[in-house]
Amino acid sequence: MTKIILAVLALVAAPLLGALITGVDRRITAWLQSRYGPPILQPIYDVLKLLGKEPMVTNTWQALCAYVYIVAAALSVVLLFTGSDLLLIFFVLTIGAVFLVMGALASPSPYSQIGGQRELLQMLAYEPLLILVFAAIAMVTGSFKVSAVFEVTRPLLYDLPLMYIVLGYALTIKLRKSPFDISASAHAHQELVRGVYTEYSGPFLAMIEIAHWYEVILVLGLCALFWSTSVVGMVVLVAVTYLAEIIVDNVTARLTWRFMLKSAVGMGLALTIVNMLWLYAQ
């Protein structure tokens, strides 16, 4: 019964909270850029307006990909809230990302094609990092289950500080924030041509945006696992981490996909090896 309540809470509350966080993100970004910025509820207004528009897609495959993407995003959050397996969450999340790319590649638009190809490169960059983080968590807790994290006596951040940096690096790429917003961006310079999102419009673009809200909550939920012993600690850790993501997003310029892949693999492996050696030495 508890899992059912958590699942319903994830399906209903997660996108609303994700929308509010996105609105706060826009306001802080505007403040950093000496602008007033939109209302915090503007993401919700935008999605409601998109839902009221006539559905238009280049082909039916693109519409199917939008549906799969939002279902995968919602299901991954449900699995996180119900304490499921981290590897299963990764698998579901990857399926959604693959269908998003396939929807972009289904369009003849060159902007959509390039965006889809770059999204694949981003997946190649952040997915190995997530696997390394999940494997490190399993080494400490003895299980890939999310519920096992809440059974440890002290925060994972004490044992896996460098893996938290690896997670932050991966999530910067996953959320498409600078300097790794190569496939799409929420900044003003890409409002018209948004890479992987270019050919989505109306209700289908609304589904993509809602799926992004789910992913924001999933990302922050993974961060919160590193301080699972205290609700206050989880909130503070998540707030500080996301604020750092916003600051990095606004003070860095977009880098090339080559640098993204090289730095993700090199930095991820180096920090993982150091953290694992330190963990064994304890």
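1. Let me start at R176. R176 counts as buried at 6% relative accessibility, where buried means under 20% relative accessible area, exposed means over 50% and partly exposed falls in between (1.4 Å probe, protein chains only). R176 sits in the loop between α8 and α9. Its phi is near 60°, a positive value in a residue other than glycine.

2. Before going on, a word on what we are looking at. This is a predicted model, in which local features need pLDDT of at least 70 and side-chain atom pairs count only at pLDDT 80 or more, while totals for chains, interfaces and linings use all residues. Residues are numbered from 1 along each chain as its sequence is written, and side-chain values use heavy atoms, with hydrogens and water left out.

3. The loop that holds R176 has another feature to check. P179 is also found between α8 (161-174) and α9, and the peptide bond leading from S178 into P179 is cis, with omega near 10°.

4. Compare S34, which lies in the loop between α1 and α2 (42-51). S34 has a positive phi too, near 60°, and is not a glycine. Is S34 buried or exposed? S34 is exposed, with a relative accessible area of 71%.

5. Now the overall fold. The protein has eleven helices and zero strands, so read from the N terminus the order is simply α-α-α-α-α-α-α-α-α-α-α. Helices here are DSSP runs of H or I with at least four residues, strands are runs of E with at least two, and both are numbered from the N terminus.

6. On overall dimensions, the C-alpha atoms fill a box of roughly 60 × 45 × 40 Å along the principal axes. The radius of gyration is 18 Å, which agrees with the value near 19 Å for a compact globule of 282 residues. That radius is taken over C-alpha atoms, and the globule rule is 2.2 Å times the number of residues to the power 0.38.

7. As for packing, 52% of the 282 residues count as buried. Of the contacts between residues at least 6 apart in sequence, 77% join residues at least 24 apart; a contact means heavy atoms within 4.5 Å. The accessible surface is about 13,200 Å², and 73% of it belongs to carbon and sulfur atoms. Those areas come from the Shrake-Rupley method with a 1.4 Å probe, and for residues only the protein chains shown count as cover.

8. Which residues touch the most other members of the largest nonpolar core? They are L167 and F226, in a core of 86 residues. Helix α9 (residues 202-224) supplies the largest share of this core, 17 residues. A nonpolar core is a set of buried Ala, Val, Leu, Ile, Met, Phe, Trp, Tyr and Cys residues joined through side-chain atoms within 4.5 Å. Leaving out residues up to four places away in sequence, F226 touches V133, I137, P155, L156, L157, L160, M163, Y164, L167 and L237. In soluble globular proteins, nonpolar side chains tend to be buried together.

9. V216 is a residue of helix α9. V216 is buried, at a relative accessible area of 1%, and beyond its neighbours within four places in sequence V216 is in contact with I21 and L175. For a long-range check, V216 and T2 are 214 residues apart in sequence and 23 Å apart in space, C-alpha to C-alpha.

10. A19 belongs to helix α1 (residues 2-32) and counts as buried at 1% relative accessibility. Not counting residues up to four places away, A19 touches I40, P43, I44 and W213. Q42 is 23 residues from A19 in sequence, and their C-alpha atoms are 8.6 Å apart.

11. Helix α5 (residues 110-141) is worth a look along its axis. Its 32 residues reach 46 Å from first C-alpha to last, close to the 46 Å expected at 1.5 Å a residue; the expected span is 1.5 Å times one less than the number of residues. G142 follows α5, and its phi is positive, near 85°.

12. Last, the cysteines. C65 is buried, with a relative accessible area of 0%, and C223 counts as buried at 2%. How many disulfides does the structure hold? The structure holds zero, a disulfide being a pair of cysteine sulfur atoms within 2.5 Å.
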